[in-house]
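Visitor: I am new to this structure and should be grateful for a close look at one part of it. Please choose a helix, and explain how its surroundings are arranged.

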Amino acid sequence: MQTAAAVTMVRDDAFFLRAWLSHYGELFGRQNCYVINHGYGEEVAELAKGCNVIGIPGDPHKNFDVKRWGLLNNLVGGLRRYYRHVIVGDVDELIVVDPQADMNLLQFLEQAPEKRVLTPLGLEVIHRVDIEPEVITDRILGPRRHVRPAPHYSKPCIVSAAVKISRGGHFSQYPKLHTPENLYLLHLKFCDVDQYTGAMDRRNAITQEMGDDIKGTSIGRHWFTGERGEDQKMFEGFADLKMEEGFDLGFMRKRMQRSFKARGETGYYEFNRPSFDTQYVLPERFNGVI
């Protein structure tokens, strides 16, 4: 049985898809990467050559995210019979192992126990436009070194058990919380101001074409023009986040464990996801990891 597969759905986001393909394609081999090409995009198909590309219609429709995660759950359920671990998430979410562990993600998964769900600690890579002028041409970490805690992106996304994951990937129906040390989910949405603006323009256009509200589409608020705000002002505001010394984030995993509980009567489980007004500088050992 193969060790690991990675699964995502993408529409037009070439910048993030390149990073996703570079990361998981190099680690697992493209033959073990599954890309759902929403809208049969030609650029997506070209970039993902060598992967398993599944084209689906891109017509506007209601309950988009509900349908998307129904498809992803079923695909993960099938692939789990052929792989020991299946990683599933958005194209701008990458799982990494802290280089201090002296192993990469594939090596980590080769020794990870099965029949469980792993939840990496979520961090958002932020573009400090005031001190990071370098344009991203290849690797993201190096030109970008700042992160902020993102509990919302501590997702149950590495699956080796029979389990259902909620819309958005934020909760699962697995009754235990495994948060391995040195395992992180890096959310790249804010890693570059120009790429952010382009991605948001495309997403706003999609929701306008759907002609429905947040509830009807079941898509996050950030997809809607009225919820967007001013891009440049938001990125400039990252400088105001309190800078923390060091990179010891173990207390966040402990908080997750202490607050882990059933999510009402839904069958899903959750932990508290507080807001943080802090930021950290990634240690140099992370440079080039993605």
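Guide: The following account begins with one helix, turns to the strands around it, and ends with a sheet and a pocket. The model is a predicted one.

The part chosen is helix α8, which runs through residues 250-259. Its buried residues are Met-252, Arg-253, Met-256 and Ser-259. Because these residues cover an arc of only 140° around the axis, they lie on the same side of α8. On the other side of the helix, Lys-254 and Arg-258 are exposed. Buried here stands for under 20% relative accessible area, and exposed for over 50%.

What, then, covers the buried residues of α8? The cover includes several strands, namely β7 (121-126), β8 (146-149), β10 (183-187), β12 (261-262), β13 (269-270) and β14 (278-281).

Among these strands, β14 deserves further attention. β8 pairs with β14 in the antiparallel sense, over 2 bridges, and His-146 stands opposite Val-281 in β14. Strand β11, residues 242-243, also pairs with β14 over 2 bridges, but in the parallel sense. In this pairing, Lys-242 stands opposite Thr-278 of β14. In general, the strands of a sheet pair through backbone hydrogen bonds, either parallel or antiparallel.

Other strands of the model form an open sheet. There, 6 strands follow the order β3-β2-β1-β4-β9-β6, with mixed pairing. The edges are held by β3 (52-56) and β6 (117-118); each has a single partner strand, so one side of each is left without a neighbour in the sheet. Within this order, strand β4 (residues 83-88) and strand β9 (residues 158-159) pair in the antiparallel sense over 2 bridges. The bridge partner of Val-86 is Val-159 in β9.

Finally, there is the second largest pocket, which holds about 230 Å³ of space. Helix α1, residues 14-28, gives the most to the lining of this pocket, with 5 residues. The lining includes Phe-15, Arg-18, Ala-19, Ser-22 and His-23, and also Leu-94, Ile-136, Thr-137, Asp-138, Arg-139, Ile-140 and Ile-290. By residue type, the lining of the second largest pocket divides into 6 nonpolar, 3 polar and 3 charged residues.

To return to the helix chosen at the outset: α8 has Met-252, Arg-253, Met-256 and Ser-259 buried, while Lys-254 and Arg-258 are exposed on the other side. The strands that cover the buried residues include β8 and β14, which pair with each other in the antiparallel sense.

Notes
Residues are numbered from 1 along each chain as its sequence is written. This is a predicted model: local features need pLDDT of at least 70, side-chain atom pairs count only at pLDDT 80 or more; totals for chains, interfaces and linings use all residues. Side-chain values use heavy atoms; hydrogens and water are left out. Buried means under 20% relative accessible area, exposed over 50%, partly exposed in between (1.4 Å probe, protein chains only). Helices (H or I, at least four residues) and strands (E, at least two) are DSSP runs, numbered from the N terminus. The arc is that of the directions from the helix axis to the C-beta atoms. Contact means heavy atoms within 4.5 Å. On a 1 Å grid over the protein atoms alone, a cavity is a set of points where a 1.4 Å probe fits but cannot get out, and a pocket is an open set with protein on both sides within 12 Å along at least five of seven lines; lining residues have an atom within 4 Å of a point. Grid points are joined across faces, edges and corners, and a volume is the space filled by probe spheres set on the points. Ala, Val, Leu, Ile, Met, Phe, Trp, Tyr, Cys and Pro count as nonpolar, Asp, Glu, Lys and Arg as charged, and the others, Gly among them, as polar. Two strands pair if DSSP finds at least two bridges between them.
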